[in-house]
Amino acid sequence: MVCYPIPQHSSVIAIGVKLGVEANEDPEYSRCLSQMGDAALHVLSKNWISNTHIQSIEIEANKFGPVGAKKLAMSLANHPTVTFLKLSNNPMSWGDSTVAPAFAHMVRNNQVLRTMELEQIGFDIQDVACVMHALADNTSLTRLSFHFNEKSAQSEEGAQEKMNEGLYRNSTLADLRL
């Protein structure tokens, strides 16, 4: 297994490529992939915009942050074939209030995505409300999960109303996990 190092001035630590081997079969491959940062995600986002065969994107437990998350959301806003997106356990929104609006934009505009899992990514109640409010304009999502984010028992002002409006006006969501 070869991890190709990226120059130190880049925010990417390493990218691993190995054909024909599942990630869980090779710990070195998994280690390379789990170090993907914002720059690598930016490159991937540019590449899958034109890939109309990709249907599922699962990027879990990596190191990409707000910059990579926003690039990803923008690249998928009008993607014609991606139906499944899982971005769990990434530090993509810790303290950055601009990530949720990017995902809300994606939810409003992408009418193909069926499942989106944004678990343990640092969203607070306002971030969750922002994305859920966009459900009002979405006709494809059937499953949405925000498990393990920093949601308090007491909703901040306006958050509950945004969530309620999005849910009330949406006719496709069948599974919501908070």
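Q: Does Ser 88 count as buried or exposed?
A: This is a predicted model, where local features need pLDDT of at least 70, side-chain atom pairs count only at pLDDT 80 or more, and totals for chains, interfaces and linings use all residues. Residues are numbered from 1 along each chain as its sequence is written, while side-chain values use heavy atoms, leaving out hydrogens and water. Buried means under 20% relative accessible area, exposed means over 50%, and partly exposed lies in between (1.4 Å probe, protein chains only). Ser 88 has a relative accessibility of 5%, so this residue counts as buried.

Q: Which residues is Ser 88 in contact with, leaving aside its neighbours within four places in sequence?
A: Start by finding Ser 88 in the loop between E4 and H4. Contact means heavy atoms within 4.5 Å. With neighbours within four places in sequence left aside, the contacts of Ser 88 are Ile 59, Glu 60, Ala 61, Glu 117, Glu 119 and Ile 121.

Q: What pattern does the protein chain follow along the sequence?
A: Helices (H or I, at least four residues) and strands (E, at least two) are DSSP runs, numbered from the N terminus. The protein chain has six helices and seven strands. Reading along the sequence, you meet them in the pattern β-β-α-α-β-α-β-α-β-α-β-α-β.

Q: What share of the contacts with a separation of 6 or more comes from residues 24 or more positions apart?
A: Here we look at contacts in the protein chain whose partners have a separation of 6 or more. Among these, residues 24 or more positions apart account for 78%.

Q: How much of the exposed area of the protein chain do carbon and sulfur atoms supply?
A: Buried residues make up 44% of the 178 residues in the protein chain. Accessible areas come from the Shrake-Rupley method with a 1.4 Å probe, and for residues only the protein chains shown count as cover. The protein chain exposes about 9200 Å², and the share supplied by carbon and sulfur atoms is 52%.

Q: Is the aromatic pair of Phe 123 and Phe 146 stacked, edge-to-face or tilted?
A: Rings of Phe, Tyr and Trp (its six-membered ring) pair if their centres lie within 6.5 Å; planes under 30 degrees apart count as stacked, over 60 as edge-to-face and the rest as tilted. The structure holds one aromatic pair. Phe 123 and Phe 146 form it, at 6.2 Å centre to centre and with 35 degrees between the planes, and it is tilted.

Q: How many residues apart are Phe 123 and Phe 146?
A: Both Phe 123 and Phe 146 are buried. Phe 123 sits in the loop between strand E5 (115-117) and helix H5 (125-133), and Phe 146 in the loop between strand E6 (143-145) and helix H6 (159-169). The pair links distant parts of the chain, and the separation in residues is 23.

Q: Why does the salt bridge of Glu 60 with Lys 86 tie together separate parts of the sequence, and how many residues apart are they?
A: A salt bridge is a side-chain nitrogen of Lys or Arg within 4 Å of a carboxyl oxygen of Asp or Glu. In the salt bridge of Glu 60 with Lys 86, the closest N and O atoms are 3.7 Å apart. Because Glu 60 lies in the loop between strand E3 (56-58) and helix H3 (66-76) and Lys 86 in strand E4 (residues 84-86), the pair ties together parts whose distance in sequence, in residues, is 26.

Q: Which residues are linked with Lys 86 in a network of salt bridges?
A: Lys 86, which counts as buried at 19% relative accessibility, also forms a salt bridge with Glu 117, with the closest N and O atoms 3.5 Å apart. This pair links strand E4 to strand E5, 31 residues apart. By the rule above, the count comes to eight salt bridges. The network links Lys 86 with Glu 60, Glu 117, Arg 143, Asp 175 and Arg 177.

Q: Which helix do the buried residues of H6 pack against?
A: The buried residues of H6 are Ala 159, Met 163 and Gly 166. They cover an arc of only 65 degrees around the axis (taken from the directions from the helix axis to the C-beta atoms), so they lie on the same side of H6. The face turned away from this buried side carries the exposed residues Glu 161 and Tyr 168. The packing partner of the buried residues is H5.
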